[in-house]
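I opened this model to look up its nonpolar cores and some of the residues in and around them.

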Amino acid sequence: MKNNHSEAKSRTLIELRSISKSFDGEQILCNIDLDIHDKEFVTLLGPSGCGKTTTLRIIGGFETPDEGDVFFDGARINDVPPYRRALNTVFQKYALFPHLNVYDNVAFGLRVQKVKEDEIRERVREMLEMTGLRGFENRKSATLSGGQQQRVAIARALINKPRVLLLDEPLGALDLKLRKDMQNELKRIQSATGITFIYVTHDQEEALSMSDTVVVMADGKIQQIGTPTDIYNEPVNAFVADFIGESNILDGSMLADCKARFAGHTFDCVDGGFAKNEPVDIVIRPEDVDVVSVEKGMLAGTVSGVTFKGDYYEIIVDVGGFKWMIETSDFVAPDAKIGLYIEPDAIHVMKKSEYSGKFGDYSTFSDEMDYLSDPDAEVEEE
Ligand code: ATP
């Protein structure tokens, strides 16, 4: 699968071609194709068990694909062992040497390579500066906080100047506040060094906030590759729409280009290119639904839940049995009858997929929906 914005990028550094992998007869990766560009911050994102770490381990050379090829800078590296690949890895468990101080932990890799002490001193200084650890040289790593230890692990991995850094849930053990700080730090370090980062996480917010490119995976397959904005605004299927942010996902059909029918109503939208009456999934983000009076609404429903979220209210609105999630800045009373108004560009139309019908609301789709949600509009099915 190619990135849809690859023209704007530097050249391809790593290519995965038709990679498949099974463990104990169970297929874990299925035909993975991925291009990773030089200096790119790429995140593999998906739920636990979808194959992210296995993909990372194949890139690192810790795992061999059953089928397919891995290329680095144009050369096939399937048989190249990890230590001969121009990459380094940071794991969630950072495995520092507890008896060594920060300086010696960071210098370790260079000493193994028998680099001269003068040069080591200079490079360690540079790395400690980069990772915000200046002044911590003599601290034993066991006395550092989790965030500081993770910085040491990153400094240690970067000091050999790898072309690529693989990061497997490196912030997983940190608390939320520290995670946020470290996300910013990692992004800054990545752009300052120009090293390609391949990052694994199941945290969608982390992926969206740090990455140039997000690779969404599920069930051993790549579902979508794109910029964070692409992935959020134009999810390709119900899985991506559900996994990234909150979504209302409805069954619908395309009556014609820019005419979608769902929830018993025909809506103007901006998508086209579907067959006449083709069944589709419709995605509408909670923040894209306007709350209006019943008379002005395209749909009408009853508020069944209101939760104050700080700068907005999250309300659940029952429209003919389908429960919509809506974010609004106006307070709406529980049990109020309200109208919903949806602009054409808030309606995202997706082809049906194996994930259709698995997500949507908190209840099942109701056959009575057409009648209940829109009793006045006797719109003929075309
Ligand atoms: P997580 O976020 O939980 O680490 P993941 O998306 O990184 O998930 P992987 O670690 O790639 O997923 O694992 C995918 C599946 O492959 C899991 O079911 C896991 O148990 C299995 N698996 C991974 N490595 C091995 C192995 N060496 N032997 C057997 N099964 C394995």
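The entries below record what I looked up.

I note that this is a predicted model, in which local features need pLDDT of at least 70 and side-chain atom pairs count only at pLDDT 80 or more, while totals for chains, interfaces and linings use all residues. Residues are numbered from 1 along each chain as its sequence is written, and side-chain values use heavy atoms, with hydrogens and water left out.

Entry 1, the cores. I looked up the largest nonpolar core (buried Ala, Val, Leu, Ile, Met, Phe, Trp, Tyr and Cys residues joined through side-chain atoms within 4.5 Å). This core has 35 residues, and V106, V124, L158, L165, L186 and F197 touch the most other members. Two or more residues come from each of α2 (102-112), α3 (117-130), α4 (146-158), β7 (164-168), α5 (176-193) and β8 (196-201); helices (H or I, at least four residues) and strands (E, at least two) are DSSP runs numbered from the N terminus. The largest contribution, six residues, is that of α4. I also found a second, separate core of 29 residues, with I282, V289, I338 and I342 among them.

Entry 2, L158. This residue lies in helix α4. L158 counts as buried because its relative accessibility is 1%, the cut-off being under 20% relative accessible area (exposed is over 50%, partly exposed in between; 1.4 Å probe, protein chains only). Beyond its neighbours within four places in sequence, L158 is in contact (heavy atoms within 4.5 Å) with M127, L165, I189, I195 and F197.

Entry 3, E185. I located E185 in helix α5. E185 is buried, at 18% relative accessible area. Leaving aside neighbours within four places in sequence, E185 contacts T131 and R151.
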